[in-house]
Amino acid sequence: MQTFNELFESLNNPYPATLQKDGKQGYRSSVKLDDGGQLNINIEGDEHIDDYDHIDWEISFERNGEQSMTGEGDALRIMATVFKVVNQFVKIEKPKYMNAAAGKQKGNKKLLQGRERLYKRLLTKNLGRAYKISTDTSSSGTMFTMVRK
């Protein structure tokens with residue numbers, strides 16, 4: 001089990017990552033992990049369903065092609081890297097709308113699981129001053145919606 005200091009160090013030691021524009025409404029970052037794996041962070045824009053003057057940005061990431069938890073031990077460092085890239089994106093685009101999702105393990109109820117709670121805490125810590133963060137939780141996962149205040 002990791003100590004508090006090791007956990008804190010993981011969150012303050014993201015992998016080196018740079019955000020790159022990919023087309024008109026997309027951004028990407030690919031990061032080589034210490035174990036030789038690959039982290040891909042994607043931010044895709046699409047027209048907002050109710051507000052045609054703004055883009056709705058969807059944030060997603062995957063490790064070695066998988067969006068599910070891999071159990072490979074560096075989840076906090078990966079999350080720190082994702083938020084490093086998200087913060088770069090927010091500075092560039094100043095988006096009004098963003099969303100992200102966290103899936104649940106099968107067979108669970110609507111209660112937030114550890115992964116979902118972590119996402120919510122990190123979203124609040126990183127974006128809570130500038131964005132209203134709401135959640136929609138179901139048995140399959142939680143959708144996080146961020147709207148600029």
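User: What makes E4 and E5 count as paired strands?
Analyst: In this predicted model, 4 bridges join E4 to E5. The cut-off for pairing is at least two bridges, so the two strands qualify. They run parallel, and one of the bridges has glutamate 58 partnered with asparagine 99 in E5.

User: What is on the other side of E5, and how do you know that it pairs there?
Analyst: That's E7: it shares 7 bridges with E5, in the antiparallel sense. Pairing needs at least two bridges, so E5–E7 counts too. Asparagine 99 turns up again here, with threonine 145 as its bridge partner in E7.

User: Which sense do E3 and E4 take, and what makes them a pair?
Analyst: Strand E3 (residues 38–47) and strand E4 (residues 55–63) are antiparallel, with 9 bridges between them. Set that against the minimum of two bridges, and they are therefore paired. As an example, leucine 39 has arginine 63 as its bridge partner in E4.

User: How do you know what the order of the sheet is, and why are E1 and E6 called edge strands?
Analyst: Following the pairings gives an open sheet of 7 strands, ordered E1-E2-E3-E4-E5-E7-E6, and the pairing is mixed. Strand E1 (20–21) and strand E6 (131–137) each pair on one side only, which is what makes them the edges.

User: What makes H3 a regular-looking helix by its span?
Analyst: The expected span is 1.5 Å times one less than the number of residues. H3 has 14 residues, its expected value is 20 Å, and its C-alpha atoms reach 20 Å from first to last, which is close to expectation.

User: How do you know that the buried residues of H3 share a side?
Analyst: The buried set is Arg115, Glu116, Tyr119, Leu122, Leu123 and Leu127. They cover an arc of only 130° around the axis, so they sit on the same side of H3. The face turned away from that side carries exposed Arg121 and Lys125. As for placement, H3 (residues 114–127) lies across E4, E5, E6 and strand E7 (141–148), at about 10° to E7.

User: And what does H2 look like on the same span test?
Analyst: H2 has 19 residues and reaches 27 Å, close to the 27 Å expected. H2 (residues 75–93) lies across several strands, including E2, E3 and E4, and runs at about 155° to E4. Its buried residues include Ile78, Val82, Phe83, Phe89 and Val90.

User: Why is phenylalanine 144 called buried?
Analyst: Buried means under 20% relative accessible area, and phenylalanine 144 has 0%, so the label holds. This residue lies in strand E7. Leaving aside neighbours within four places in sequence, its contacts include Met98, Ala102, Tyr119, Leu123 and Ser134. With alanine 102, the separation is 42 residues in sequence, and 8.1 Å in space between C-alpha atoms.

User: Why is lysine 94 called exposed, and what makes its phi stand out?
Analyst: Exposed means over 50%, and lysine 94 has 56% relative accessibility, so it counts as exposed. It is found in the loop between H2 and E5. Its phi is positive, about 50°, although it is not a glycine. Most residues other than glycine have a negative phi, which is why a positive value catches the eye.

User: What makes up the largest nonpolar core?
Analyst: It's a set of 30 residues, and those with the most contacts inside it are Phe61, Phe89, Met98, Leu127 and Met146. E2, E3, E4, H2, E5, H3 and E7 each give two or more residues. H2 brings the largest share, 8 residues. In soluble globular proteins, nonpolar side chains tend to be buried together. Beyond four places in sequence, phenylalanine 61 touches residues including Leu39, Ile41, Ile78, Val82 and Tyr119.

User: Why is E5 called mostly covered?
Analyst: Of its 7 residues, 5 are buried. For the protein as a whole, buried residues make up 38% of the 149.

User: How many helices and strands are there, and what pattern do they follow?
Analyst: There are 3 helices and 7 strands, and along the sequence they read α-β-β-β-β-α-β-α-β-β. Of the contacts between residues at least 6 apart in sequence, 54% join residues at least 24 apart.

How values were computed: Residues numbered from 1 in each chain as written. Predicted model: local features only at pLDDT ≥ 70, side-chain atom pairs only at ≥ 80, totals over all residues. Heavy atoms only, no water. Contact = heavy atoms within 4.5 Å. Axes fitted to C-alpha atoms, helices over the stretch in contact; angles between N-to-C directions. Buried < 20%, exposed > 50% of the residue type's maximum accessible area, 1.4 Å probe, protein only. Arc of directions from axis to C-beta. Core = buried A, V, L, I, M, F, W, Y, C linked by side-chain atoms within 4.5 Å.
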